[in-house]
Amino acid sequence: MFPAFLHLRSRRVVVVGGGPVAASKLDALLAVGADITVIAPDVRAEIEERPVTVVRRGFEASDLDGAWWVVAAAPPEVNRQVLEAADARRIFVNAVDDPAHATAYLGGVVRRHGVTVAISTNGRAPALAGLLREALDAWLPGELDEWLLAADEARREWKAQGVAMEARRPRLLETLNRLYDDRAESRVPSRESRAQSPEAKGHSSGSVALVGAGPGDPGLWTVRAVRVLKDADLVLYDALVDVKALRRATKAQCFCVGKRARRDSVPQDTINRLMIRAAKQGKRVVRLKGGDPFVFGRGGEEALALAMAGIACEIVPGVTTAVAAPELAGIPVTHRGIASGFLVLAGHTSEAVDNTLQSVRPNSVSVVILMSIGARADLASRLMAHGWSPDTPAAIVCAASTPDAWTWTGALARLGAATPPSDLAGVLVVGEVVRLRDVICQPISSATPGESGNEVNYGRNG
C-alpha cells in the first residue's frame, strides 16, 4: 500500500450509508474541513445534527460527480455499486470493514509484521518525521506479528457475530492482554516452589511503587521518589507531572495515563491491568501520581487491586496539594486562634460535599477543595446554603509551585465570578486563614523593621 495524507479542506466527500459506522467516520472528516454529503435512505439523528448535507435516498452513480474521496459504509451490495461508480471516475474508495470493495485503506512508515504506522509533519519537517519513525520502530513491541494474528482472528469472529464496530476496540484490548496474562501465568511458579527457590526471593517477580509527585515542581519530589524512578522499568504518570523532569530522572518507558476534567482519559481498570501485567512480567513499575497517592489520587484503589493480584506494592508519600497549594500562596490551612483544623474535599462529587458540610459547623474550619475549579460557582452556593457567610474569605490557587502559578482572593460570594486560566488545575481555599495572605505575602521592604528575623521570597505567588 502507498501511504498518503490527503488535503480535503473544502473538497467534496461523499459518505454512502446512514448508520453508526457512517456516523463514526464523520468527525475525522469534519476536523479537516471536508464538504461532506451523506447519502442513504435512512439516516441516524446524530448524523443530521452534524454540519453535513443529507440526501435521503438510495445511492446513484452520479452522486460521485465532483467528489474527491468516498466512504462506503453501506451493505456490501451497495458498496460494490459505489466502487464501480468510483472506478469509472478514478476516485478512491474507503469501504469500511469491506476490503473487497475498497481502493483506499486508512491506517495509523514503520513496517513490521504486516503493521504499518504512517507519520506526517505536513511536509514541513521531513527530518523530524524520520526521527519519529526511528523512535516508533524502537518502541513498538517485538510481538506485533502475534498481535496482528490475534486481531485478524478476532475481527473475523466479531464480523460473523455482528459485533458493532464501536464495541470491538475494548474487546481487542482484552484479547491482547490475555496473550500476556497466559504467558505470565505459565511462567509464575507456585507459591510453594517460590518459597523453596533462593533465586526467587524478590528477584524474579516485579513490583509496583505508588509514588506521590507533589503539587508540580519536581524539586518537591522526595529522595525516595527520585530513587525508585531511577530504578524503574515502566512509569505510568499523571497528566500534571513535569514530563521533562521525569525524562531526566529515569530511562524507563513512560506513558501518560492521567485524568483531566472534560477530557478523554485512561479508565482506572485499564491502569490497574497495565500495572499488574507489567509486574507479572518482572518489571519494576512506578505509578507516579500528582500530590499524594492516598489523597484523592485513587491510590487506595490501585493498592487494593495490586494486593488482590498478589503484586508487591510500595507506597511513597508525596507532598499533598491540599496543603502545598495554599501554603505556597501564603495561606496556612491552620492558624492559632483562627482555624484549629482543616477539611479536604473533592469538588467534583457534589453529593459527598453536601454530606460532609452537614457535619461541620459553618466557618469553624478551613476548607480546601481539590478538583474544583470548574465547579467553583456551585461549590460557593453550596457552602453558603450550609451557613457559610458570603463574606468568608476565599482563594483560588492554580498551578502551585510552577512558573504558571496564579492566585485569586476575594469573598466567597464572588468565587463564581473569578476567572482563573482555563487550562490550569487548582484548588479552592475557604476560611479566615485566607486573610493572612495579605500580611504574609506583603513585600519585605514594607514590614516594620524588627518584625521578622527571616527573609522570605514568595516568587510569583507573592
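In the predicted model, helix H13, which spans residues 321-328, has Ala322, Ala324, Ala325 and Pro326 as its buried residues. The cover over these buried residues of H13 includes four strands, namely S13 (342-346), S14 (366-370), S15 (393-398) and S17 (426-430). At the N-terminal end of H13, threonine 320 acts as a cap, with a side-chain oxygen placed 3.2 Å from the backbone nitrogen of alanine 322, a residue that itself belongs to the buried set of the helix. Beyond the helix, H13 is followed by glycine 330, for which phi takes a positive value near 85°.

Helix H9, comprising residues 223-231, buries Ala225, Val228 and Leu229. When H9 is viewed down its axis, the buried residues fall within an arc of 105°, and they therefore line one face of the helix. The face of H9 that is turned away from this buried side carries Val223 and Lys230, both of which are exposed. Among the elements that cover the buried residues of H9 are the strands S8 (207-212), S9 (234-237), S11 (284-289) and S12 (312-316), together with helix H10 (243-249).

A buried polar side chain is found in strand S5 (residues 93-95), where asparagine 94 is located. The relative accessible area of asparagine 94 is 7%, under the 20% limit, and the residue therefore counts as buried. A polar atom of the asparagine 94 side chain lies 3.4 Å from the backbone oxygen of alanine 104.

On the surface, Leu128, Leu131 and Leu132 form a nonpolar patch, and their accessible area together is about 270 Å². Of these residues, leucine 131 is part of helix H5 (residues 126-139). The relative accessible area of leucine 131 is 55%, a value over the 50% limit, so the residue is classed as exposed.

Across the whole structure, the search finds 16 salt bridges. In one of them, the side chains of aspartate 27 and arginine 50 meet with an N to O distance of 2.8 Å. This pair links distant parts of the chain, since aspartate 27 belongs to helix H2 (residues 26-31) whereas arginine 50 lies in the loop between helix H3 (45-48) and strand S3 (53-55), 23 residues apart. Both partners are partly exposed, with a relative accessible area of 47% for aspartate 27 and of 21% for arginine 50.

A salt bridge also joins arginine 57 to aspartate 63, the closest N and O atoms being 2.7 Å apart. Here the two partners fall into separate burial classes: arginine 57 is partly exposed at 29% relative accessibility, whereas aspartate 63 is buried, with a relative accessible area of 6%.

Within helix H15 (residues 376-385), aspartate 378 and arginine 382 lie four residues apart, which corresponds to about one turn of the helix. These two residues form a salt bridge in which the closest N and O atoms are 2.7 Å apart, and aspartate 378 counts as partly exposed at 35% relative accessibility. Finally, Asp238, Arg287, Lys289 and Glu302 are linked to one another in a network of salt bridges.

Definitions and conventions
Residues are numbered from 1 along each chain as its sequence is written. This is a predicted model: local features need pLDDT of at least 70, side-chain atom pairs count only at pLDDT 80 or more; totals for chains, interfaces and linings use all residues. Side-chain values use heavy atoms; hydrogens and water are left out. Buried means under 20% relative accessible area, exposed over 50%, partly exposed in between (1.4 Å probe, protein chains only). Helices (H or I, at least four residues) and strands (E, at least two) are DSSP runs, numbered from the N terminus. The arc is that of the directions from the helix axis to the C-beta atoms. Contact means heavy atoms within 4.5 Å. A polar contact is a pair of N or O atoms within 3.5 Å; within protein, one must be able to donate a hydrogen and the other to accept it, and residues adjacent in sequence count only if both atoms are side-chain atoms. Patches are made of residues with over 30% relative accessible area and no salt bridge: like charges are joined within 9 Å, nonpolar side chains (Val, Leu, Ile, Met, Phe, Trp, Tyr) within 5 Å. Accessible areas come from the Shrake-Rupley method with a 1.4 Å probe; for residues, only the protein chains shown count as cover. A salt bridge is a side-chain nitrogen of Lys or Arg within 4 Å of a carboxyl oxygen of Asp or Glu.
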